[in-house]
Amino acid sequence: MDTHMIVIVVSISGPLVIVGFVLFLRSQATRRLNSSVDATITEIRVDASLLSSWWTVTAVGPDPQTGLTLIFRSLHIRYPPKHHVGEHIIVNYEATNPKHYRMEL
């Protein structure tokens, strides 16, 4: 194999390995989200900085195990969400640590 061929193989396989690793880490994180709750959207908020604006969604729902109310806040959303205040969404979370969650927006 000459040097030119090695450069081509590395330039193609390198990004593929990185993408595969990122997908693997995401799937591991999703597997830990072993509980879900039907949460109600309580707030949709628009925030802005000097460079951009974004939306955040806040939802609340009862923890099925403890009965306590859990509060969930989305990451920054680039576009206006399709949901409205008062609608229900599913939130998947880690039962042992509800701070790890993912909202189904």
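Begin with the whole protein chain, coloured by secondary structure: one helix and five strands should appear. The model is a predicted one. Followed along the sequence, the elements come in the order α-β-β-β-β-β.

Keep the whole chain selected and display its surface. The exposed area is about 7900 Å², of which carbon and sulfur atoms supply 63%. Of the 105 residues in the protein chain, 23% are buried. Contacts may be displayed next: among those between residues at least 6 apart in sequence, 48% join residues at least 24 apart.

Now select strand β5, residues 97-103. This strand gives the most to the lining of the largest pocket, contributing four residues. To see the lining in full, select Arg 73, Ser 74, Leu 75, His 76 and Ile 77, together with Lys 99, Tyr 101, Arg 102, Met 103 and Leu 105. The space in this largest pocket amounts to about 250 Å³. Colouring the lining by residue class gives five nonpolar, two polar and three charged residues.

Finally, select Arg 45 and Asp 47 and show their side chains. Which contact do these two side chains form? They meet in a salt bridge, with an N to O distance of 2.9 Å. The count of salt bridges comes to one. Side chains of opposite charge can pair when their charged atoms come close.

With both partners still selected, compare their accessibility. Asp 47 counts as buried because its relative accessible area is 16%, which falls under the 20% cut-off. Arg 45, in contrast, is partly exposed, with a relative accessible area of 38%.

Technical notes: Residues numbered from 1 in each chain as written. Predicted model: local features only at pLDDT ≥ 70, side-chain atom pairs only at ≥ 80, totals over all residues. Heavy atoms only, no water. 1 Å grid on protein atoms, 1.4 Å probe; cavity = no way out; pocket = protein on both sides within 12 Å on 5 of 7 lines; lining within 4 Å. Points joined across faces, edges and corners; volume = space filled by probe spheres on them. Helix = DSSP H or I, 4+ residues; strand = E, 2+ residues; numbered from the N terminus. Nonpolar A, V, L, I, M, F, W, Y, C, P; charged D, E, K, R; others polar. Salt bridge = Lys/Arg side-chain N within 4 Å of Asp/Glu carboxyl O. Buried < 20%, exposed > 50% of the residue type's maximum accessible area, 1.4 Å probe, protein only. Contact = heavy atoms within 4.5 Å. Areas by Shrake-Rupley, 256 points an atom, 1.4 Å probe, with all protein chains shown as cover.
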